[in-house]
Amino acid sequence: MGMDKKELLRTIKFTLFSISAGVIEIVSFTLLNELLNLPYWPCYLIALVLSVLWNFTLNRKYTFQSANNVPVAMLKVFGYYCVFTPVSTLLGNYLAETLLWNEYIVTILNMILNFVTEYLFDRFVVFRDSIDTNVKEK
């Protein structure tokens with residue numbers, strides 16, 4: 001398979017797994033928001049963590065087919081989320097609680113921003129040198 005086709009397939013896989021992670025995030029956010037009536041930030045934070053664990057596991061194994069050291073890859077992703085999480089949580093909380101934007105619109109905007117930036121970070125930082133090294137998955 002040519003390099004362009006491989007990258008297209010990789011992008012499609014990442015998108016599909018991200019959609020499944022997005023479903024996990026929005027369902028857990030909705031349950032926490034509607035049933036427990038918590039403020040925006042804990043609903044978002046808990047939902048984001050559940051989504052990230054799901055997405056990392058599937059994308060490492062199937063999208064990037066990486067045989068790299070899992071704890072090292074997780075540490076790099078953790079580093080990404082050390083920046084993304086506080087920024088998106090504080091911004092989301094400000095938009096939802098101070099500016100009174102709809103909390104679901106804010107969450108969806110955060111999810112789109114997360115999707116784009118995490119793909120780029122995973123592709124060019126986390127799995128850059130280990131893409132397609134897990135020959136068992138091919």
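**Notebook: core and aromatic rings**

I began with the largest nonpolar core of this predicted model, which has 23 residues, and I noted that Phe29, Tyr40, Tyr44, Phe64, Val77, Tyr81 and Phe127 touch the most other members. I then looked up where the core residues come from, and found that α1 (3–35), α2, α3 and α4 are the elements that give two or more residues to this core.

I took phenylalanine 29 from that list and looked up its contacts, leaving aside neighbours within four places in sequence: they are Tyr40, Cys43, Tyr44, Ala47, Glu103, Tyr104 and Thr107.

Next I turned to the aromatic rings, and I recorded 14 aromatic pairs in the structure. I reminded myself that a pair of aromatic rings is described by the distance of the centres and the angle of the planes.

For phenylalanine 64 and tyrosine 119, I noted ring centres 6.2 Å apart and planes at 35 degrees, so I entered the pair as tilted. Phenylalanine 64 sits in the loop between α2 (40–63) and α3 (70–98), while tyrosine 119 belongs to helix α4 (residues 103–126), so this pair ties together parts that are 55 residues apart in sequence. I also checked exposure, and both phenylalanine 64 and tyrosine 119 are buried.

The pair of tyrosine 80 and tyrosine 81 is edge-to-face, with 4.7 Å from centre to centre and 90 degrees between the planes. Here too I looked up exposure, and tyrosine 80 and tyrosine 81 are both buried.

Last, I followed the ring pairs from residue to residue, and wrote down a cluster in which they link Phe14, Phe56, Phe64, Phe115, Tyr119 and Phe127.

Notes: Residues are numbered from 1 along each chain as its sequence is written. This is a predicted model: local features need pLDDT of at least 70, side-chain atom pairs count only at pLDDT 80 or more; totals for chains, interfaces and linings use all residues. Side-chain values use heavy atoms; hydrogens and water are left out. Rings of Phe, Tyr and Trp (its six-membered ring) pair if their centres lie within 6.5 Å; planes under 30 degrees apart count as stacked, over 60 as edge-to-face and the rest as tilted. Helices (H or I, at least four residues) and strands (E, at least two) are DSSP runs, numbered from the N terminus. Buried means under 20% relative accessible area, exposed over 50%, partly exposed in between (1.4 Å probe, protein chains only). A nonpolar core is a set of buried Ala, Val, Leu, Ile, Met, Phe, Trp, Tyr and Cys residues joined through side-chain atoms within 4.5 Å. Contact means heavy atoms within 4.5 Å.
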